[in-house]
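Q: Please take a close look at one part of this model: a single loop residue, its surroundings, and the enclosed space in the structure.

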Amino acid sequence: MKVTWKLVFPFLAAMILSACSNNIPMHEALPGSTASIASASLPTGTSGSDRIAPQDLLEIDVFKVPDLSKEVRVDDNGNITLALIGTVHAQGMSASQLEQQIATRLEKDYMHNPQVNVLVKESTASKITVSGAVNKPGVYPLAGDTTLTQAIALAEGLSHLAVKDNVTVFRNGKPYTVLLSEVEMGKIADPVVIAGDKIQVHTSAAKEAVQDYGGVGGLLSPFTLFK
């Protein structure tokens, strides 16, 4: 019985690659993901732009006036329409500036000292990129504060080739490392991602080698190893 080295080689290569799988570059830990600051979070609003843009979804609340409280999407011209005051141009404003404008127009003709709160629930100007070993790589909009695991879920989760021990997040051009396996075990915080982040989930070279040869069963089958 003769061993077919051409067929055995991929299995040996997979073993070697497995031993080298931890050679993926390690970078500084992403802020908000280390055990020493596990209880901390990034400041409110850092997950996206603070300026309202067309197609943003806003939640507007007027204190003690439920008929004026609603969710409204900014139209393509940057406007929203509200009861009593009609069209309001929101594009380019911060949430606090829009609050002031709505309150001023309500106070002018309808009520005394209205208390208005505006929350940007979905910001179309805020996007992240998820690439590598995920099921649906792509560019995704942020909707409020979004953690790293939630961002990966937007890409329909990790693929079977993913390396959980090392995820790289590029922020403002600088790479940071997050140990996703430790996030899942609760050992470190699940960091909040921000607009412009590029998330790269690394691929296991060993898993790729096994997949390319039809899985472990294909590598170990006596009908393929010997002839």
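A: What follows describes the residue first and the cavity second. The model is predicted, and the values below are computed from it.

The residue is Tyr110, which sits in the loop between α2 (95–109) and β5 (116–132). Its relative accessibility is 44%. Because buried means under 20% and exposed means over 50%, with partly exposed in between, Tyr110 counts as partly exposed.

Leaving aside residues up to four places away in sequence, Tyr110 touches Leu84, Ile85 and Arg105. With Leu84 there is also a short polar distance to report: a polar atom of the Tyr110 side chain lies 3.2 Å from the backbone oxygen of Leu84. Ile85 is 25 residues from Tyr110 along the chain, and the C-alpha atoms of the two are separated by 9.1 Å.

Ile85 also leads to the second topic, as this residue is one of those lining the largest cavity. The structure holds one cavity of 30 Å³ or more, and the space in the largest cavity is about 40 Å³. Along with Ile85, the lining consists of Ile60, Val62, Leu68, Leu82, Ala83, Ile102 and Leu106. Two or more of the lining residues come from each of β1 (57–62) and α2. By class, the lining has eight nonpolar residues, with no polar and no charged ones.

Taken together, Ile85 links the two topics: Tyr110 touches Ile85, and Ile85 helps to line the largest cavity. The helix α2 also appears in both, since Tyr110 is in the loop between α2 and β5, and α2 gives two or more residues to the cavity lining.

Methods: Residues numbered from 1 in each chain as written. Predicted model: local features only at pLDDT ≥ 70, side-chain atom pairs only at ≥ 80, totals over all residues. Heavy atoms only, no water. Helix = DSSP H or I, 4+ residues; strand = E, 2+ residues; numbered from the N terminus. Buried < 20%, exposed > 50% of the residue type's maximum accessible area, 1.4 Å probe, protein only. Contact = heavy atoms within 4.5 Å. Polar contact = N/O pair within 3.5 Å; in protein donor to acceptor, adjacent residues only side chain to side chain. 1 Å grid on protein atoms, 1.4 Å probe; cavity = no way out; pocket = protein on both sides within 12 Å on 5 of 7 lines; lining within 4 Å. Points joined across faces, edges and corners; volume = space filled by probe spheres on them. Nonpolar A, V, L, I, M, F, W, Y, C, P; charged D, E, K, R; others polar.
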